[in-house]
Amino acid sequence: MSQSDPGAPDRAGRQSWVQALTSDERFSAQNVLGPAALLDAGLPLALFTVVYTAAGRNLTLSLWVALASGALLAVIRLLRKEQMQNVIAGFLGVGIAAFMANRTGRAEDVFLPGLLINVGYGLAYLVSIVVRWPLLGVFVGLVSGQGTAWRRDPALLRAYTQASLLWVAMFALRLAVQVPLYLAGEDQIGWLAGARLVMSWPLFLLVAYLSWLIIRPAYRAFQELALIHISEPTRLALISYADFCW
């Protein structure tokens, strides 16, 4: 691995910033995709929709309920000494959404930040594919410690590109379904909330699984080729790591 590779240790044998980041348990997959993360991301807006519908479209009350639920989740996590990054991110997201809806007086604007995030991610993935730096490859390179070595393997680069296209399609599908509901106004807010719920984590996990199916053969072939040139103990350790990841 070259010195320019961000995943490589420095000459003193110290961890690179990539290795330090990915070795931190706060960034493990179970914290990002576990039940707690799903609850933190979905509960406040779900409660907002229920209260808004049941309370005669009382926007102020609904916003306070959403904010209170986010704050309550944060307190519970704090008391239980659990990881806080999902709660903080979720609470900030709800806070921004509540601010926008309160300023405009339009309940559907609670969902506007999520739509804009999908636009941003979709464009980022699309641009990364055009410039031949597919974001999925960048992310996996950071997590696996490969750095940018994957770009030298045509099959792996192609697999990351194809998988990244799936993510572009996911963001585009979300927007194609949810933007018309958003533009229809508060009369469709229940449908908008339902679409957002169904197309959030369930669709995310489906696309993640399909990406894994696309990437795994090329990834394992790349790993096996790299293992030919390293010592047996290191080879066995990396095989175990690859099996864990994929």
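How many salt bridges does the structure hold? The structure holds two. This is a predicted model. Its chain has 11 helices and zero strands. Of the 246 residues in the chain, 36% are buried.

**Overall build**

- Read from the N terminus, the elements run α-α-α-α-α-α-α-α-α-α-α.
- Contacts between residues at least 6 apart in sequence often span further: 63% of them join residues at least 24 apart.
- The chain has an accessible surface of about 14,100 Å². Carbon and sulfur atoms account for 68% of that surface.

**The salt bridges**

- Side chains of opposite charge can pair when their charged atoms come close.
- Arginine 106 pairs with glutamate 108 in one salt bridge, with the closest N and O atoms 3.2 Å apart.
- Arginine 106 is partly exposed, at a relative accessible area of 35%.
- Glutamate 108 has 5% relative accessibility, so this residue counts as buried, the cut-off being under 20%.
- Aspartate 109 also forms a salt bridge with arginine 106. Here the closest N and O atoms are 3.3 Å apart.
- Aspartate 109 is buried too, with a relative accessible area of 4%.
- Through shared partners, the salt bridges join Arg106, Glu108 and Asp109 into one network.

**Helix H9**

- Helix H9 covers residues 189-198. Its residues Ile189, Leu192, Ala193 and Ala195 are buried.
- Viewed down the axis of H9, the buried residues fall within an arc of 165 degrees, so they line one face of the helix.
- Trp191, Leu197 and Val198 lie on the other side of H9 and are exposed.
- An α-helix has 3.6 residues a turn, so residues three or four places apart point the same way.

**Glutamine 178**

- Is glutamine 178 buried or exposed? Glutamine 178 counts as buried, at 6% relative accessibility.
- Glutamine 178 sits in helix H8, which covers residues 154-183.
- Which residues does glutamine 178 contact, leaving aside its neighbours within four places in sequence? The contacts are Leu115, Leu192, Ala195, Arg196 and Met199.
- Two of these partners, Leu192 and Ala195, are among the buried residues of H9.

**A nonpolar surface patch**

- Val119, Leu123, Leu126, Val127, Val130, Val131 and Trp133 make a nonpolar surface patch. The patch measures about 620 Å².
- Where is tryptophan 133 placed? Tryptophan 133 is in the loop between helix H6 (112-130) and helix H7 (135-144).
- Tryptophan 133 counts as partly exposed, with 36% relative accessibility.

**Regions from the UniProt record**

- An unreviewed UniProt entry lists residues 61-79, 86-102, 122-143, 164-183 and 189-215 under "transmembrane region".
- In the model, residues 61-79 are 100% helix and 0% strand. The end C-alpha atoms of this stretch are 27 Å apart.
- Residues 122-143 are 82% helix and 0% strand. Their end C-alpha atoms are 21 Å apart.

Definitions and conventions:
Residues numbered from 1 in each chain as written. Predicted model: local features only at pLDDT ≥ 70, side-chain atom pairs only at ≥ 80, totals over all residues. Heavy atoms only, no water. Buried < 20%, exposed > 50% of the residue type's maximum accessible area, 1.4 Å probe, protein only. Helix = DSSP H or I, 4+ residues; strand = E, 2+ residues; numbered from the N terminus. Arc of directions from axis to C-beta. Salt bridge = Lys/Arg side-chain N within 4 Å of Asp/Glu carboxyl O. Patch = residues over 30% accessible without salt bridge, like charges linked within 9 Å, V, L, I, M, F, W, Y side chains within 5 Å. Areas by Shrake-Rupley, 256 points an atom, 1.4 Å probe, with all protein chains shown as cover. UniProt positions renumbered as here; feature names shortened; annotations may be inferred. Contact = heavy atoms within 4.5 Å.
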